[in-house]
There are 2 protein chains.
Amino acid sequence: MKKKFLDRVEILAIGSELLTPYYLDTNSLYLTQQLNDFGYEVSFKTIVGDDLENLLLCITLALDRASLLLAVGGLGPTADDLTSLAFAKVLKRKLVLNKDVLRRIRLRFKKRKIAMPSSAIKQAYLIEGAVALPNRRGTAPGQWVEAGTNKIVLLPGPPHELKPMFEEFVRPRLEAQRYKHLARKVLKTTGMTESRVESLIRDLYPRKGDVKVTLLARPGQIEVHLSAVSVKSQSQAEIKLERLRKKISVRLRDHIFSEGGQELEEVVGNLLRGKKKTLAVAESCSGGLLGHRLTNVPGSSDYFLEGVVVYSNEAKTDVLAVDPSLLAKHGAVSFEAALAMARGIRQRARASYGLAITGIAGPAGGTLRKPVGLVFVALDSSEGTEVEKNLFLGSRRQIKFQSTQKALDMLRRRLLGLSVFRGEKTKK
Amino acid sequence: MKKKFLDRVEILAIGSELLTPYYLDTNSLYLTQQLNDFGYEVSFKTIVGDDLENLLLCITLALDRASLLLAVGGLGPTADDLTSLAFAKVLKRKLVLNKDVLRRIRLRFKKRKIAMPSSAIKQAYLIEGAVALPNRRGTAPGQWVEAGTNKIVLLPGPPHELKPMFEEFVRPRLEAQRYKHLARKVLKTTGMTESRVESLIRDLYPRKGDVKVTLLARPGQIEVHLSAVSVKSQSQAEIKLERLRKKISVRLRDHIFSEGGQELEEVVGNLLRGKKKTLAVAESCSGGLLGHRLTNVPGSSDYFLEGVVVYSNEAKTDVLAVDPSLLAKHGAVSFEAALAMARGIRQRARASYGLAITGIAGPAGGTLRKPVGLVFVALDSSEGTEVEKNLFLGSRRQIKFQSTQKALDMLRRRLLGLSVFRGEKTKK
């Protein structure tokens, strides 16, 4: 603890809830990603509660062992928000009222037609010498503080406040001081397990430490994260990265649905918009998740017409004109029901494409012949209808997610004129 | 850092992957839950990579500030597994071959009919004086080390190895030394801002350290986390907690929707099931999220009949029989449209309750008269229809989430016979 390490970065997450069994410090993932982008690597992450004594301890230590310290949380108006106070104590500085900040906070409450509680004023007191970092999405400003060789950034805890603040006000400051260059790319795939992806590309893993491959897996989506560093220039880093990316892309082919960070729903949305096509969806076991994902994309009203969540058999018949005798004969979770639902919703909504999902998300409701995880996904268009039978593993939420991945990927493949990948799925 | 705090617990997670943008230390949630169960609270969590210098720094500090230290990870056979070595250095002890452990490791490879790699022997070298904690699911044993007033537990990183080891060998040791009891409760509220909740209960915040209140906020949901400790007994802790909980409950009244950890969609689901009522929903700007949340609850098919995502005006007219002239006159985002949608879906689905959401989730599509965040939520039942006009702040996803919170809360209030809370919302 005695010497100073000039290139060390520490993230200090502050909040008693982060020391309970319920919450993880997820902000640090975003911050690490951002820091990595311009060559900073994180050496330590510390999590401490809203406790002044412990906070003073952690701050003292962090300033001793890291030259760049990002402290997140504890900037709010309440009595247990102690971050500014603790830093002021350790740095032996005062807390000073910033009138600009106070004006902005007042304005925010005025706009919302809410009386400003007196506690809100606290957020306008900043550490002496700090630069205020405006908060476009909340009241508490961030702070940029320099103290000797230490650079300190105080950021608000809510991710939707932290992210725009970091991008607008912290990134440019850090970028100006970058000392190495890092290139990154994420290849997102669907339709293969982690072991399968790994077995296809393992022999390409680089030995040298300046280029790295990491797999990140969740059911329904395996991501290949590539990074390369160069002390010379960004383009050097990009060249190293590109060399490896090409080789991996050849192996994983059309299982890769994005290389630029987009989620599958964005990729499909852009394809639909580009081709001026429209989509309607009918969901049973996925319960609205497909519609939710599609409509998370801004501008999705350009191509997404309508969704229905038909949980009951009556709804399947009433809304989608699925023949009740079909449901009686084959059951609601069947090849035939999925097919009828996809046709039904496409016709109902007069859409170019109809997608349908019906299955058993569990944990209850499975039988020997129709176990939990059995999901039929159907795609209907003027070119014809196809149905895929799947057996997904995992929790209720994971089965819901995998069902929507499959549906989106079937549509992506249809839009791109690719054949549907069936490598690891059971076919009817 | 100079004084010793006898009741402090630190969790040290070791592994370079935990300092990338892709992985979080999730083991600490499990460990915290376990520790809380017998009265230990976690004061610090530290995350450090597989780097000897940094590891030595973190261990030295942790032994200085915490009496109980749980170190997780870095016990494996590879060159970057440095945990035992680092602890031995800091404690100034040797690493000693434990023949029992070596025999167990050999046996494990034999059973699997795999030749034991020479690197595996490393795992049989334990810190001098350590008690080996058998690993039933892997090769690396855990270690229990006492050094002065410090108790140190070394645990393997893979959760399926860590959990059984903790339960079988660590829990009983810690339980025998339990020195206090802890009770916890979470009051979840909706319909109020964080500042509002705090202003209502701040004067109840206990001064004494044995009872704690923490607020956890996200748009649409403010949680009050309560904890109480007692050195006497669990029931003493429960009594202290209950005393405070009662006072806070009186202040926050029916804004509290759960005290047992349930989410709003579970609370509403249980109410519907208990009253044998059914629900159908019509969503515009929330795009399926309401259906998704409702159907995340296992068994929701008991009461959830149907959902529609009516993004286009045509869909609103076709599916819900909303009068096109009403849409032409008032617009799709209007009091009148919400009302007609709620009635339309309830009639369509022949449900006891119909919920409808229509608004502008942004980021584009707002106007001066109808800004981003304007959302109308309507509830229809045989008792009548009510519509709430809201102006939500935040990102597209946050506006979607708040819209669904509002809808679920309106239904909760109707089911409980409570009036709709309008304290902070603009009314039409």
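In this predicted model, Val309(A) has its bridge partner across the chain boundary: Gly307(B), sitting in S14(B). That pair belongs to a longer run of contacts, since strand S14 (residues 304-310) of chain A and strand S14 (residues 304-310) of chain B are joined by 5 bridges and run antiparallel. It's a handy place to start, and from here we can walk outwards on both sides.

Follow the strands away from that seam and you trace an open sheet of 10 strands with mixed pairing, in the order S17(A)-S16(A)-S15(A)-S13(A)-S14(A)-S14(B)-S13(B)-S15(B)-S16(B)-S17(B). Where does it stop? Strand S17 (384-391) of chain A and strand S17 (384-391) of chain B stand at the edges; each has a single partner strand, so one side of each is left without a neighbour in the sheet. From one strand to the next, the twist averages 10°.

Two helices deserve a look while you're here. Helix H10 (residues 313-320) of chain A packs on this sheet, touching strand S13 (279-283) and S14 of chain A as well as S14 of chain B. The direction of H10(A) makes about 150° with that of S14(A). Helix H10 (residues 313-320) of chain B lies across S14 of chain A together with strand S13 (279-283) and S14 of chain B, and runs at about 150° to S14(B).

Now for a second sheet. This one is open too, with 12 strands and mixed pairing, and its order is S6(A)-S7(A)-S8(A)-S3(A)-S1(A)-S2(A)-S2(B)-S1(B)-S3(B)-S8(B)-S7(B)-S6(B). Its edge strands are strand S6 (131-133) of chain A and strand S6 (131-133) of chain B, each of which pairs on one side only. Ignoring direction, neighbouring strands here are turned by 15° against each other on average.

Sheets like these are held together in a familiar way: strands pair through backbone hydrogen bonds, either parallel or antiparallel. For the parallel kind, look at strand S1 (residues 9-14) of chain A and strand S2 (residues 42-48) of chain A, joined by 6 bridges. Within that pairing, Glu10(A) has Phe44(A) of S2(A) as its bridge partner. Over in chain B, helix H1 (residues 27-37) packs on the sheet, touching strand S1 (9-14), strand S2 (42-48) and strand S3 (68-72) of chain B, with its direction at about 160° to that of S1(B).

For antiparallel examples, go to the chain A end. S6(A) pairs with strand S7 (residues 142-147) of chain A over 3 bridges in the antiparallel sense, and Ala132(A) stands opposite Gln143(A) in S7(A). S7(A) in turn is joined by 5 bridges to strand S8 (residues 150-155) of chain A, again antiparallel, with Asn150(A) in S8(A) as the bridge partner of Ala147(A). S7(A) and S8(A) form a hairpin with 2 residues between them, and Gly148(A) in the turn has a positive phi of about 60°.

Zoom out for a moment. How many residues do the chains bring to their contact? Chain B puts 65 residues in contact with 68 residues of chain A. On the chain B side, those split into 30 nonpolar, 27 polar and 8 charged residues. Inside chain A, the domain assignment gives domain 1 (9-175), domain 2 (181-258) and domain 3 (264-416). The centres of domain 1 and domain 3 of chain A, taken over C-alpha atoms, are 44 Å apart.

Finally, two helix pairs in chain A. Helix H1 (residues 27-37) of chain A packs against helix H5 (residues 159-175) of chain A at an angle of about 20°, with their axes 11 Å apart. That angle makes H1(A) roughly parallel to H5(A), and the crossing is right-handed. Asn27(A), Tyr30(A) and Gln34(A) of H1(A) make the contact with Pro159(A), Leu162(A), Lys163(A), Phe166(A) and Arg171(A) of H5(A). By class, that contact has 4 nonpolar, 2 polar and 2 charged residues.

The other pair is helix H8 (residues 264-274) of chain A with helix H13 (residues 396-416) of chain A, packed at about 30° with axes 10 Å apart. The crossing of H8(A) and H13(A) is left-handed. Residues of H8(A) in the contact include Leu264(A), Val268(A) and Leu272(A), and among those they meet in H13(A) are Leu408(A), Leu411(A) and Leu415(A). The contact of H8(A) with H13(A) divides into 8 nonpolar, 1 polar and 3 charged residues.

Key:
Residues numbered from 1 in each chain as written. Chains lettered and ligands numbered in written order. Predicted model: local features only at pLDDT ≥ 70, side-chain atom pairs only at ≥ 80, totals over all residues. Axes fitted to C-alpha atoms, helices over the stretch in contact; angles between N-to-C directions. Helix = DSSP H or I, 4+ residues; strand = E, 2+ residues; numbered from the N terminus. Parallel < 35°, antiparallel > 145°, perpendicular 65-115°, else oblique. Left-handed = near helix turned anticlockwise from the far one by under 90°. Contact = placed C-beta atoms within 7 Å. Nonpolar A, V, L, I, M, F, W, Y, C, P; charged D, E, K, R; others polar. Domains from an automatic or database assignment. Pairing = 2+ DSSP bridges.
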